[in-house]
Amino acid sequence: MTSITKFSISIFLVTLLLLTTANAANIEIRNECPYTVWAAASPGGGRGLNTNQVWNLNVPAGTKMARVWGRTNCNFDGSGRGRCQTGDCGGVLNCQGWGQPPNTLAEYALNQYANQDFYDISLVDGFNIPMEFSAVNGGCKRIRCTADINGQCPAQLRAPGGCNNPCTVFKTNEYCCTQGQGSCGPTNFSRFFKQRCVDSYSYPQDDASSTFTCPSGTNYRVIFCPRGG
């Protein structure tokens, strides 16, 4: 292999690395709850966070259908196997999939249309922990869901440690929107969530008032039980 060929390969690899890391984001996950939260992320895995502990995730550009959530009342053995009362992901500490409702979700997609990140807080899988989702350096919408949803949860939606979304309980198109765009709308149950967390998804087609954008390359912070909530 000639020195020119080696140089060309090196330039290619450096360029590829720069393209791969461009607009990647750091997601800072912080627990401000007065109890341990077992944070979970897809992609990312999971770990236990005591009060005021932080977990930083570096997420590649182009990542989509991503989410962060908190699990409560968990017990894991030394091999990382166990169960959580809310948000459980297959009985493992290091999540490889999505969590079991009810769980409050921070959802995001990086470097999408027009070089924008899309992010939201969703209650489509119900609610278990108050949450804030924001850009670390400001400049974009800070969204919060900190109401006492667990304490005020309608009787039909109550679950140990949380409050289910009606789709989880009733599994009908009215609540799950399984028949496509425009096949469902707000219900009394979705209004219960929306009135308490106006910037959060209350049912699957609640896009217009619940999805926010920020320029690609922004770093984000997810807080469980944000102070002042």
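Accessible area is taken here from the Shrake-Rupley method with a 1.4 Å probe, and on that basis the protein in this predicted model exposes about 11100 Å², of which carbon and sulfur atoms supply 52%.

**The whole chain**

Begin with everything selected and coloured by secondary structure, which comes to five helices and 14 strands. Of the 229 residues, 48% count as buried. If you draw the contacts between residues with a separation of 6 or more, 60% of them turn out to join residues 24 or more positions apart.

**The five-stranded sheet**

Next, select the open sheet whose five strands follow the order β4-β1-β14-β9-β10, and note that the pairing within this sheet is mixed. At its edges you will find β4 (54-59) and β10 (143-145), each of which pairs on one side only. From one strand to the next, the twist averages 15 degrees.

Within this sheet, narrow the selection to residues 131-135, which form β9, and residues 220-224, which form β14; these two strands run antiparallel and are joined by five bridges. To pick out one of the residue pairs, label M131 and its bridge partner in β14, F224.

**The largest pocket**

Now clear the sheet and display the largest pocket, which holds about 360 Å³ of space. Its lining consists of 18 residues, and those closest to the centre of the pocket are M65, R67, E107, D120 and Y201. The elements that each contribute two or more residues to this lining are β5 (66-76), β7 (105-109) and β8 (116-122), so these three stretches make a useful selection.

**Helix α5 and its surroundings**

Move on to helix α5, residues 188-196, and show the side chains of its buried residues, F189, S190, F192, F193 and K194. Which elements do these buried residues pack against? They pack against α2 (149-152), β12 (162-163), α3 (166-170) and α4 (173-176), and adding these four to the view will show the surroundings of α5.

One of the buried residues of α5, S190, also belongs to the lining of the largest cavity, together with N165, P166, E174, Y175, G185, T187 and Y203. That cavity encloses about 30 Å³ of space, and a search of the whole structure finds one cavity of 30 Å³ or more.

**C163 in β12**

From the elements around α5, select C163, which lies in strand β12. Is this residue buried or exposed? C163 counts as buried because its relative accessibility is 0%, where the limit for buried is under 20%. Leaving out residues up to four places away in sequence, C163 touches P102, G126, F127, I149, N150, C153, P154, L157, F192 and F193; of these, F192 and F193 are among the buried residues of α5. For a distance check, draw a line from the C-alpha atom of C163 to that of T86, 77 residues apart along the chain, and the separation is 9.9 Å.

**V169 in α3**

Finish at V169, whose place is in helix α3. With a relative accessible area of 33%, V169 is partly exposed, because this class covers values between 20% and 50%. Apart from its neighbours within four places in sequence, V169 is in contact with Q156, L157 and N164, and L157 also appears among the residues that C163 touches. As a last check, the C-alpha atoms of V169 and A159, ten residues apart along the chain, are separated by 10.0 Å.

Terms used:
Residues numbered from 1 in each chain as written. Predicted model: local features only at pLDDT ≥ 70, side-chain atom pairs only at ≥ 80, totals over all residues. Heavy atoms only, no water. Buried < 20%, exposed > 50% of the residue type's maximum accessible area, 1.4 Å probe, protein only. Contact = heavy atoms within 4.5 Å. Pairing = 2+ DSSP bridges. Axes fitted to C-alpha atoms, helices over the stretch in contact; angles between N-to-C directions. 1 Å grid on protein atoms, 1.4 Å probe; cavity = no way out; pocket = protein on both sides within 12 Å on 5 of 7 lines; lining within 4 Å. Points joined across faces, edges and corners; volume = space filled by probe spheres on them.
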